[in-house]
Amino acid sequence: MDSQDENGAIEHRLVRVRGIVQGVGFRDGCMRHARVLGITGWVRNRRDGSVEALLQGSAQQVAQMCEWLRHGVPGARVDALEQTAVPAPSPPLEGFDVLPTA
């Protein structure tokens with residue numbers, strides 16, 4: 001799947017997922033799902049117990065990824081999903097990776 005929509009617009013969104021989202025395979029599931037959707041970016045645990053992801057893709061791709069993030073993997077319990085539009089990172093994102101805890 002191409003990471004641009006028909007208008008060529010690419011969205012960049014920073015997402016914070018709160019709840020029981022660490023120790024349940026959430027980051028690996030997120031990485032696999034993002035790659036299937038053609039999303040580029042990264043995911044990481046935060047020291048406060050949340051998971052944070054930077055998503056880059058078309059509006060449809062990002063919306064689909066956020067919908068997945070609302071539920072995550074079996075064993076996760078998502079209590080809140082916070083989304084913020086952010087400027088395009090430099091250098092541009094390639095692939096989708098799991099980053100170290102921040």
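**Helix packing and loop contacts**

Phe26 and Trp68 are both buried in this predicted model. Their rings form an aromatic pair. The count of such pairs comes to one. The ring centres are 5.6 Å apart, and the planes meet at 50°. This geometry is classed as tilted, because the angle falls neither under 30 degrees, as stacking requires, nor over 60, as edge-to-face requires. Phe26 belongs to helix α1, residues 26–37, and Trp68 to helix α2, residues 59–69. The pair therefore ties together parts that lie 42 residues apart in sequence.

The two helices that carry these rings also pack against each other. Two packed helices are described by the angle between their axes and by the distance between the axes. For α1 and α2, the angle is about 155° and the axes are 10 Å apart. The helices are therefore roughly antiparallel, since angles over 145 degrees are placed in that class. The crossing of α1 and α2 is right-handed. On the α1 side, the contact comprises Phe26, Gly29, Cys30, His33, Ala34 and Leu37. On the α2 side, Gln61, Gln64, Met65, Trp68 and Leu69 take part. Both members of the aromatic pair, Phe26 and Trp68, thus appear among the residues of the helix contact. By residue class, the contact of α1 with α2 holds seven nonpolar and four polar residues. No charged residue is present in this contact.

Loop residues supply further links between separate parts of the sequence. Arg46 sits in the loop between β2 (40–45) and β3 (51–57). With residues up to four places away in sequence left out, Arg46 touches Arg16, Gln22, Glu52, Thr101 and Ala102. One of these partners, Arg16, is 30 residues from Arg46 in sequence. The C-alpha atoms of Arg46 and Arg16 are 9.1 Å apart.

The loop between β4 (77–85) and β5 (96–98) contains Glu94. Pro91 is found in the loop between β4 and β5 as well. Glu94 has a relative accessibility of 71% and so counts as exposed. Glu94 and Gly41 are separated by 53 residues in sequence, yet by 6.8 Å in space, C-alpha to C-alpha. The peptide bond that joins Ser90 and Pro91 is cis, with omega at about 5°. Most peptide bonds, by contrast, are trans.

How values were computed. Residues numbered from 1 in each chain as written. Predicted model: local features only at pLDDT ≥ 70, side-chain atom pairs only at ≥ 80, totals over all residues. Heavy atoms only, no water. Phe/Tyr/Trp six-rings, centres within 6.5 Å; stacked < 30°, edge-to-face > 60°. Helix = DSSP H or I, 4+ residues; strand = E, 2+ residues; numbered from the N terminus. Buried < 20%, exposed > 50% of the residue type's maximum accessible area, 1.4 Å probe, protein only. Contact = heavy atoms within 4.5 Å. Axes fitted to C-alpha atoms, helices over the stretch in contact; angles between N-to-C directions. Parallel < 35°, antiparallel > 145°, perpendicular 65-115°, else oblique. Left-handed = near helix turned anticlockwise from the far one by under 90°. Nonpolar A, V, L, I, M, F, W, Y, C, P; charged D, E, K, R; others polar.
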